[in-house]
Structure formats: C-alpha cells, structure tokens
Amino acid sequence: MFSIRLADLAQQLAEKDLVAQVQGDGNLIVTGLASIQSARAGQITFLSNSGNREQLVNCQASAVVLTEADVPFCQMAALIVNNPYLAYAYIAQIMDTTPQPAQGIEPSAIVSKQATIGKQVFIGANSVIESGVIIEDNVIIGAGCFIGKNTRIGTGSRLWANVSIYHDVSIGKCCLIHSGTVIGADGFGYANNRGQWIKIPQLGTVKIGDHVEIGASTTVDRGALDNTIIGNGVIIDNQCQIAHNVVIGENTAIAGGVIMAGSLTIGRDCQIGGASVINGHMEIADKVVITGMGMVMRPVKKPGVYSSGIPLQPNKIWRKTAALVMNIANLSQRLKRIERKIDATPLPEAVNK
C-alpha cells in the first residue's frame, strides 16, 4: 500500500515548483487520494472551489489541499497552496500505482535485427518491431503492439497494449499512447474515374512532438504528400479522428470523439470540446475554444470562445423548434414581402404635404 508523510508530500510538490505550506502534523501518514465527498481517514483530498467550503464540515479525510483563504474553514491537517487543482494533479502523479505496460523484453516479442533498441527498453508479449525502427532509451511498449519500418520513438515514451504505428512515423520523447490507437494509417484519398474510386497512396507520414498524450482508439492518419503534424504538449482524448495533413499547434487539448477533416491547421493553446466536427482545408487561430459538439465550417481567425448547435430540450419544445427551423425559408420570404410593402408605403408626413 502506498504511504507518504505529509511533509514529504509537500517537499515533492516543491520539487515540481509548487510551494506547499504544511498546516498541522507534518508526520501524518497519507495512504491515498480521494474526492472530498468520499475521502476516509488516512486519505488526502482537495478543495479547488471556495464555494464548496461547507463540504469540509463532514469531510473524513486526514488532510486537505486548499488555498490560504480557505484555511479558517479547515479543522484538519492541510497543505496550503495557490492552486489546489494543480496540486491535486501532481499528488495524483506522485501516488499513481498504475502498472507499467511491460517489464523486460518478452520472449514472444519479434524484434528485427535491423532495429535499434536503446537502454532500459521494455517490450511486451507478441509485439512486432520491424527493420529500421529506432527505439530510444526508457521506452515501454505494451503487449501486442506493431511498430512499422523506419519509425522512431523518443526517450521515455510509453505505448499501452495493441497500439499500431505504421512505417516512417516519428514520435517524440515522453509521449503516452493508449490502447487501440493507430498512427500513420492511410488518409482518405481517392480520385474518381467515371464512378470508380482510384486510391491515392499516402506518401507523407506523421510527426508527433514531445510530451504528447493520445487517448484510446484514436486514429492519426498519415499525410498524402506533406506530413500530419502534432505539436509538443498536445493532448488528444479517446476515439478522435485526425485526418491526413492536419497540423495541430503546441499545447492544444482535444476532447473525446472529435473529427478533423484533412489539411486543417489548428493553432497553439486551443481547446476543442467533445464530439466537435471541424471542416478541412482551413485554419483555426491560436487560443480558440470550441465548445462541445461544435460544427466548424469556416476558418476561425480570432481567439475566443465559439459554439454551435441547439442544447438539449424537452421533446415537445424541440419539435416546435424543429418545425420553425424547417419553415425558416418561408418565413424569410414573407418577411421580405412585408419589408417591400413598408418601403413602398409613403410616410404620413409625405401624404399631408
């Protein structure tokens, strides 16, 4: 079972440049992390919203992470920080007991003699590493992965089970790729010859920067001629589709189920809400936020928050809304006729003259 002194936890936060002041017994042993509602004795929790201070009254945790402003409402040991939610993220990393995807190199793994394998590389059962592959130091590859020819995986990156990386792909250092993800599959490129689809070989590849995380069952297609590029620090959730020649700027976050069409360029520090659909062959500026289920059909040239779609409604109201939407063309024509009549009618002052 994991355990750590509260003072040592504060010290480890300090090593991550997050100052944490201990209130109470620094020798208190912390054995776990839990939400403020479910925490029990021995666990630490966090209060990131001062509006929830009343929850501290019944909280059973042994310690809490909070801001100095919330200290008067706390009757237990505490770590006082400026950003409790960030502290929670770091504490979760410190206490993380997730097992490694692989330990050692399994005998059933097939590793080409023409592959270059660094130091402290672990390769799981039944994985295949083809010729020309370069795997740098401290890489972990889970069971059942496929790494295609001439692919490079940077230092400290991890692949969970059943990840498929096609040929010539480049993955940076300290990346995390979850199970079922496919990187470097062919983009959707075809020419039509009198009704018959002629496949266009995808001759580009995928370039992924450092510290990128890609969720489970996500697909990143290779470029048709130029490359698909994922910048440093990008995080992509589960079951996303990143089409060929998409370029995603650094530190952009993409929630689950997002679909991106080809040759799309997304700027730095953007946030794309879940289930959004983004048209291809256009650009989205830096620092753009697209809320969930957004449908982006035109370029977004300025930073800001953008939304589309109709929020959920009771069915009876939605049916009325849908009927009005279907009748918009007719209503528009009637309005134009009324406007023309108004424009053609003399004003009363003109009649009197």
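This section describes the overall dimensions, the strand arrangement and selected residues of a predicted model.

The secondary structure of the chain comprises five helices and 38 strands. Its radius of gyration is 28 Å, well over the 20 Å that the globule rule gives for 353 residues, so the chain is more spread out than a compact globule. Taken along the principal axes, the C-alpha atoms fill a box of roughly 95 × 65 × 35 Å. Of the 353 residues, 37% are buried. The exposed surface of the chain comes to about 19900 Å², of which carbon and sulfur atoms supply 53%. Among contacts with a separation of 6 or more, 21% join residues that are 24 or more positions apart.

Many of the strands belong to open sheets, two of which are described here. In one, 10 strands follow the order β8-β11-β14-β17-β20-β25-β28-β31-β34-β37 with parallel pairing. The edges of this sheet are formed by β8 (110–111) and β37 (295–296); each has a single partner strand, so one side of each is left without a neighbour in the sheet. Within the sheet, strand β31 (residues 259–260) runs parallel to strand β34 (residues 277–278), and two bridges join them. At this pairing, M260 stands opposite I278 in β34.

The other open sheet also has 10 strands and parallel pairing, in the order β10-β13-β16-β19-β24-β27-β30-β33-β36-β38. Here the edge strands are β10 (122–123) and β38 (304–306), each of which pairs on one side only. Strand β16 (residues 158–159) is joined to strand β19 (residues 176–177) in the parallel sense by two bridges. The bridge partner of L159 in β19 is I177.

Parallel pairing is also found around strand β6. In a regular strand the side chains alternate between the two faces of the sheet. Strand β6 (residues 63–66) is covered on both faces, with A63 and V65 buried on one side and V64 and L66 buried on the other. Strand β5 (residues 43–46) pairs with β6 in the parallel sense over three bridges, and the bridge partner of F46 in β6 is V65. Four bridges, again in the parallel sense, connect β6 with strand β7 (residues 77–80). In this second pairing, L66 stands opposite I80 in β7. The loop between β5 and β6 contains N52, which is partly exposed, with a relative accessible area of 29%. Between N52 and Y85, which are 33 residues apart along the chain, the C-alpha separation is 14 Å.

One position carries a functional annotation in the sequence record. The unreviewed UniProt entry assigns the annotation "active site" to H244. This residue lies in the loop between β28 (241–242) and β29. Its relative accessibility is 15%, and because the limit for a buried residue is under 20%, H244 counts as buried. Beyond its neighbours within four places in sequence, H244 is in contact with G187, F188, G189, Q202, D221, R222, G223, A224, T228, G262 and S263.

S263, one of these contact residues of H244, is located in the loop between β31 and β32 (265–266). With a relative accessible area of 26%, S263 is partly exposed. Its backbone is also notable: S263 has a positive phi of about 60 degrees although it is not a glycine. Most residues other than glycine have a negative phi. A positive phi of about 60 degrees is likewise found at S217, which is not a glycine. S217 is placed in the loop between β24 (213–214) and β25 (219–221) and counts as partly exposed at 39% relative accessibility.

A further loop residue, T252, lies between β29 (247–248) and β30 (253–254). At 0% relative accessibility, T252 counts as buried. A polar atom of the T252 side chain lies 3.0 Å from the backbone nitrogen of C270. C270 also appears among the contacts of T252 outside its neighbours within four places in sequence, together with G233, V234, I235, I266, G267, R268 and D269.

Note on methods:
Residues numbered from 1 in each chain as written. Predicted model: local features only at pLDDT ≥ 70, side-chain atom pairs only at ≥ 80, totals over all residues. Heavy atoms only, no water. Buried < 20%, exposed > 50% of the residue type's maximum accessible area, 1.4 Å probe, protein only. Polar contact = N/O pair within 3.5 Å; in protein donor to acceptor, adjacent residues only side chain to side chain. Contact = heavy atoms within 4.5 Å. Pairing = 2+ DSSP bridges. UniProt positions renumbered as here; feature names shortened; annotations may be inferred. Rg over C-alpha atoms; globule rule 2.2 N^0.38 Å. Areas by Shrake-Rupley, 256 points an atom, 1.4 Å probe, with all protein chains shown as cover.
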